[in-house]
Amino acid sequence: MNNKAKYLILPACVLLLMVLLVTTGAEASEKVVYRLKWLRNVSVVGALYAETHHLFEKAGLDVEVKAGGPERDAIRELELGYADFGEASADQVLRARAKGAPVVVIAQLFQVNPLQWMYRPEELQIGNLADLQGKVIGVTFGGNDETIMNTMLAETGLGSSDVTLFSVRYDYTPFYRRQVQLWPVYRNAQGPLIAAQLDKAGEKTAFFNPAEFGVKFVANCVVTESRTLTEKPELVKRFLAALLAGWQQALDPGNQEEAIKTLQKYDPDTPRPILEEQLKITRELIQPNTSLAIGTIDEKGWEQTERIMRLQKQLSMEIDLKAILKPVGGGAE
Amino acid sequence: MLPRRVFQFFIIYFLFLGGLMALKYSLVLSDYVIPGPAGIFRTLIAEYRQYSLATLNTMSVAVIGQILSVVMALVIGITGRQSTWLGSFIKVAAYNFQAYPIVALAPILFILLGDGFLTRLLIAAMICYFPVLLSVLGIMSKPVDDIEHFYRATGRMRWQLEVKIRTFENLAQLTTVIAGSATLAMAGTIVGEFIAANAGIGYNIRIALYQSDLGKILIALFLIGITIAIYQALLESLGAVIKRAWTGR
């Protein structure tokens with residue numbers, strides 16, 4: 001073998017080795033995009049935990065977790081092929097199915113809807129729904145909270161003239177100024193922050209949870225396209241198992257330090273005591289009962305959500321829930 | 001002028017809609033991602049009344065905002081046309097004010113002034129006044145030497161006369177800028193409504209977005225587009241009438 005050939009063999013072998021490494025690597029980790037419902041905060045701590053603690057990689061997946069937001073819609077992204085899995089609330093899923101979107105629910109993250117109303121207990125007592133009469137209630141017109149509130153008012157027999165609905169945005173000033181008596185917040189994310197601010201001013205806060213008055217409206221779920229579930233059941237199983245393991249570990253009190261560190265990575269400005277409080281409340285909303293596996297789909301809750309949406313004319317037809325709810329084995333106990 | 005504007009708008013809108021339908025049917029997308037023609041028509045029937053009223057509400061705010069901004073731009077432009085210290089100060093202040101994005105200022109305005117008519121009006125005026133101001137400054141700072149020289153030489157030049165001469169000589173340009181700024185006034189009002197108001201078509205678009213209803217958004221875009229097309233045509237006609245009355249041609 002002449003010198004020229006020797007010089008060529010070595011780079012060729014290195015190149016071959018690199019190609020092999022890259023191709024075997026690609027086979028081992030399947031690329032997956034997961035679109036969150038909201039920004040990276042405590043409401044998606046399970047996904048963040050699974051990402052930062054390499055739980056997806058251990059399941060042989062290369063998952064890109066993308067932040068959500070008001071302008072993002074995971075269901076549309078699934079159909080357009082921009083995402084493989086996503087988070088969506090039940091009302092989004094039902095609206096999408098009513099319009100023919102091939103979306104299915106593989107797990108339900110929140111067992112209790114975090115969307116609740118904040119109020120000052122010295123100002124009002126809510127023993128039953130009739131106590132809402134005459135109150136100024138904040139709602140996001142067009143949002144879930146409007147549908148939930150209208151349902152509660154309808155069930156109590158209260159009409160639009162019995163309460164004043166106030167249009168809510170991101171600015172809490174009307175609540176701070178006492179112009180509005182009940183203000184919708186995400187109990188686990190915004191709740192502790194606003195409560196702490198009011199506490200500094202010597203004001204007490206309480207939360208009005210519609211579920212305690214029999215109104216269940218299912219919140220964030222894990223969704224995918226029905227074709228993905230049919231054609232790649234193993235991928236769906238592996239992804240969901242890793243995601244739910246992330247939730248399980250993030251909410252385990254023994255892992256609190258790690259979960260807080262994960263949250264601080266994305267939310268460095270929120271004080272630690274608030275993060276601890278947020279995590280504690282999220283634990284109660286995701287797994288209110290330890291016998292209930294994280295990710296369990298609450299079929300009764302879905303039935304009620306569907307019924308509420310039809311009554312509120314958000315849906316024009318009955319939706320077959322069996323075609324939507326496709327629990328995949330992988331729930332974390 | 002009016003039928004041509006409306007016809008041109010129809011061409012643009014239906015080309016856009018055609019593009020969306022091509023995308024929908026070529027990619028086999030559901031009505032949730034892009035609604036079909038029947039769905040859009042049903043939404044039009046269901047929402048026509050409410051959305052038309054909301055668009056008219058927005059338009060009324062935009063028209064008042066535009067008038068305000070044109071007056072503001074004329075005052076600032078006429079004062080700032082001179083190369084004096086005050087003139088240059090006004091120009092710098094006007095440019096700096098424009099440098100702040102409205103989306104950042106809007107929430108502060110809504111906190112201070114509430115989410116009523118006044119805030120929407122102010123946002124509309126703020127968004128549309130700058131292009132008008134630039135044109136007014138450009139027109140008013142440029143002497144029309146052929147005509148002005150006579151008055152200067154005879155010592156009869158006053159600032160009112162100077163403004164009149166420069167306006168008259170650039171009337172076509174001013175009319176085009178003012179008609180064009182109508183679009184900005186409408187866009188400004190919609191932005192304001194989208195961020196925080198309780199009325200108008202921007203507010204309805206926000207609700208439609210919450211409900212992931214693209215059909216409603218397409219109807220809103222149609223009504224916004226046709227309203228602007230009509231308003232712009234009316235402004236252009238008004239400009240032509242003023243020019244005819246002034247020049248006698």
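Q: Hi! Which residue's side chain does Asp298(A) meet in a salt bridge?
A: Hello! Asp298(A) meets Lys216(A), with N and O 3.1 Å apart. A salt bridge here is a side-chain nitrogen of Lys or Arg within 4 Å of a carboxyl oxygen of Asp or Glu. One thing to know early: this is a predicted model, where local features need pLDDT of at least 70 and side-chain atom pairs count only at pLDDT 80 or more, while totals for chains, interfaces and linings use all residues. Residues are numbered from 1 along each chain as its sequence is written, chains are lettered from A and ligands numbered from 1 in the order in which they are written, and side-chain values use heavy atoms, leaving out hydrogens and water.

Q: Where do Asp298(A) and Lys216(A) sit along the chain?
A: The two are 82 residues apart, so this pair links distant parts of the chain. Asp298(A) is in the loop between helix 12 and helix 13 (299-311) of chain A, and Lys216(A) is in the loop between strand 9 (206-208) and strand 10 (220-225) of chain A. Helices (H or I, at least four residues) and strands (E, at least two) are DSSP runs, numbered from the N terminus.

Q: And is Asp298(A) buried or exposed?
A: Asp298(A) counts as buried because its relative accessibility is 15%. Lys216(A), at 35%, is partly exposed. The cut-offs are under 20% relative accessible area for buried, over 50% for exposed, and partly exposed in between, using a 1.4 Å probe and protein chains only.

Q: How many salt bridges are there over all chains?
A: The count is 27. One of them joins Asp91(A) and Arg95(A) at 3.1 Å, N to O. Both of these residues are buried. They are four residues apart in helix 5 (residues 90-98) of chain A, so about one helical turn separates them.

Q: Which residues pair up like that in helix 12 of chain A?
A: Lys280(A) and Glu284(A) both lie there, four residues apart, about one turn of the helix. Their salt bridge has an N to O distance of 3.8 Å. Lys280(A) is partly exposed at 41% relative accessibility, and Glu284(A) is partly exposed at 42%.

Q: Which residues are linked in a network of salt bridges?
A: Arg120(A), Glu122(A), Glu123(A), Arg178(A) and Glu203(A) are linked that way.

Q: Switching topic: what domains does chain A have?
A: Domain 1 covers 30-112 + 218-323, and domain 2 covers 115-213. Those bounds come from an automatic or database domain assignment. The C-alpha centres of the two domains lie 25 Å apart. Their contact (heavy atoms within 4.5 Å) takes 18 residues from domain 1 and 13 residues from domain 2.

Q: What area is buried between the domains?
A: About 1,300 Å², with carbon and sulfur atoms giving 58%. Buried area is the accessible area (1.4 Å probe) that two parts lose on being put together, summed over both. On the domain 1 side, Ile274(A), Ile281(A) and Gln312(A) lose the most area to domain 2, together 33% of what that side buries.

Q: How many salt bridges are there between those domains?
A: The count is zero. There are three residue pairs in polar contact across this interface, with both residues at pLDDT 80 or more. A polar contact is a pair of N or O atoms within 3.5 Å; within protein, one must be able to donate a hydrogen and the other to accept it, and residues adjacent in sequence count only if both atoms are side-chain atoms. Helix 12 (residues 272-286) of chain A gives six residues to the domain 1 side, the largest share.

Q: And what about chain B, how many of its residues contact chain A?
A: 19 residues of chain B are in contact with 22 residues of chain A. The area buried between these chains is about 1,800 Å², and carbon and sulfur atoms give 51% of that. In chain B, Tyr32(B), Tyr210(B) and Gln211(B) lose the most area to chain A, together 37% of what that side buries.

Q: Which residues form the salt bridge between the chains?
A: Asp213(B) pairs with Lys99(A), the closest N and O atoms being 3.6 Å apart. The count between the two chains is one salt bridge, along with seven residue pairs in polar contact.

Q: Last one: where does Ser69(B) lie?
A: Ser69(B) is in helix 2 (residues 37-79) of chain B. Its relative accessibility is 0%, so Ser69(B) counts as buried. The side chain of Ser69(B) reaches the backbone oxygen of Gln66(B) at 2.8 Å.
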